Amino acid sequence: MKRQPLRLAILEAIRILEAAGVESPRTDAELIAAHVLGVERGRLPLVPLVDPPVIDAIGKLVTERAKRVPLQYLTGWAALGPITVEVGPGVFIPRPETELLLEWGLALLRGRTNPIVVDLCTGSGALALAVAHAMPDAVVYAVDSDPHALAWARHNADVRAEAGDTPIRLYSGDVGDDTIFAELDGLVDLVLCNPPYVPPGGELPPEVLDYDPPQAVFAADGGLAVIRQAVATAARLLKPGGGLAIEHDDTHGSVVPALVTARKVLTAVEDHPDLTGRPRFVTARRL
Ligand SMILES: C[S@@+](CC[C@H](N)C(=O)[O-])C[C@H]1O[C@@H](n2cnc3c(N)ncnc32)[C@H](O)[C@@H]1O
């Protein structure tokens, strides 16, 4: 069994992924190689030669990725801030753009003791679990309406709790239900929400259209239906001085702040760009 240069396998993977239209061929090729070898991406240069079965395993995953199966389905995980969550069919893959929303929320919590946090539309549980990890004394509630997403969130919550994080409180429910979390009315320090917000009919890459659950991506009313419900729910739940952060479509950099401003109890409304500079999330404080 003749060992082969890993570098050549990665170059071949980049060529295949580029031809398939994958957005970040080098990153994906290296992450696939790192996954197969069980090492961190930054350590790949320390692995000059690999056995043929490793080359085969990389090749198989590259073939799948070239069919535009999301990278995270192949590796089985996605990162959000300080944590990783397991993902796969039936659940939305957390995106890097949500990290800034998380950071805003964590900054708001600094200095608060036993803050109450609600994650509306939790999906894999990523935002709720990242808060519970960063703020062990926070009491974190999370809700989603999709049983498939909730199964992933339950699994991820169990994994994080076994790793020593404070357990989160996970619920099945609809953000549009105006009695949801009624016992928390006026008590919540922070509401985070990354809802479905893409206007139906929008152009999206195959990784999203063919794999993310549609109810996690698209929302009626031009992408605003769930955001409207989340704003109403947050206005009810937040205590004075509490904060709200909601992610939105990059075409909604004016309309979503206007929606939030229309709630007279919400103030200091501000829109924020994502890592690529596009309008991405709105924040506000409860009067
Ligand atoms: C974009 S995903 C976000 C998941 C997670 N917060 C994240 O950032 O990775 C939106 C989630 O909202 C859920 N969802 C959609 N409509 C909902 C509703 N009306 N009430 C509660 N959850 C809803 C979907 O099932 C999906 O899991």
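Helices here are DSSP runs of H or I with at least four residues, and strands are DSSP runs of E with at least two, both numbered from the N terminus. The structure is a predicted model, in which local features need pLDDT of at least 70 and side-chain atom pairs count only at pLDDT 80 or more, whereas totals for chains, interfaces and linings use all residues. Residues are numbered from 1 along each chain as its sequence is written, and side-chain values use heavy atoms, with hydrogens and water left out.

**Figure 1. Overview of the chain, with its twelve helices and eleven strands.**
The C-alpha atoms fill a box of roughly 70 × 40 × 30 Å when this is taken along the principal axes. The radius of gyration, computed over C-alpha atoms, is compared with a globule rule of 2.2 Å times the number of residues to the power 0.38; for 287 residues a compact globule would have a value near 19 Å, and the 20 Å of the chain agrees with this. A residue is called buried under 20% relative accessible area, exposed over 50% and partly exposed in between, with a 1.4 Å probe and protein chains only, and 48% of the 287 residues count as buried. Contact means heavy atoms within 4.5 Å; among the contacts with a separation of 6 or more, 66% are between residues 24 or more positions apart. The accessible surface, from the Shrake-Rupley method with a 1.4 Å probe, comes to about 13,200 Å², and 55% of this belongs to carbon and sulfur atoms. With Lys and Arg counted as positive, Asp and Glu as negative, and His and the chain ends not counted, there are 26 positive and 37 negative side chains, and the centres of the two sets lie 4 Å apart. Each charge is placed at NZ of Lys, CZ of Arg, CG of Asp or CD of Glu.

**Figure 2. Close-up of helix H2, residues 25–37.**
The expected span of a helix is 1.5 Å times one less than its number of residues; H2, with 13 residues, reaches 18 Å from its first C-alpha to its last, close to the 18 Å expected. Its buried residues are Pro25, Asp28, Ala29, Glu30, Ile32, Ala33 and Ala34, and they pack against helix H1 (6–19), helix H3 (52–66) and helix H4 (71–75). Just after H2, Gly38 takes a positive phi of about 70°.

**Figure 3. Close-up of Cys121 and Thr122 in the loop between S5 and H6.**
This loop runs between strand S5 (116–120) and helix H6 (126–134). Cys121 is buried, with a relative accessible area of 17%, and its phi is near 70°, a positive value in a residue other than glycine. Most residues other than glycine have a negative phi. Thr122 is also buried, with a relative accessible area of 7%, and, when residues up to four places away in sequence are not counted, Thr122 touches Ala128, Ala142, Val143, Asp144, Ala153 and Leu170.

**Figure 4. Close-up of Ala142 in strand S6, residues 139–144.**
Ala142 counts as buried, at 0% relative accessibility. Leaving aside neighbours within four places in sequence, Ala142 is in contact with Asp119, Thr122, Ala128, Ile168, Arg169, Leu170, Tyr171 and Phe181. Ala142 and Ala234, which are 92 residues apart in sequence, lie 13 Å apart in space, C-alpha to C-alpha.

**Figure 5. Close-up of helix H11, residues 225–237.**
H11 has 13 residues and reaches 19 Å from its first C-alpha to its last, close to the 18 Å expected at 1.5 Å a residue. Ala234 is one of its buried residues, together with Val226, Ile227, Ala230, Val231, Thr233, Ala235 and Leu237.

**Figure 6. Close-up of two partly exposed alanines, Ala151 and Ala268.**
Ala151 has its place in helix H7 (residues 147–162) and counts as partly exposed at 48% relative accessibility. From Ala151 to Ser172 there are 21 residues in sequence and 10 Å in space, C-alpha to C-alpha. Ala268, in strand S10 (residues 266–273), counts as partly exposed at 49% relative accessibility, and although Ala268 is not a glycine, its phi is positive, at about 50°.

**Figure 7. Close-up of Pro199 in the loop between strand S8 (188–193) and helix H8 (206–209).**
Pro199 counts as partly exposed, at 24% relative accessibility. Not counting residues up to four places away in sequence, Pro199 touches Phe218, Gly222, Gly223, Asp249 and His252. Val131 is 68 residues from Pro199 along the chain, and the C-alpha atoms of the two are separated by 28 Å.
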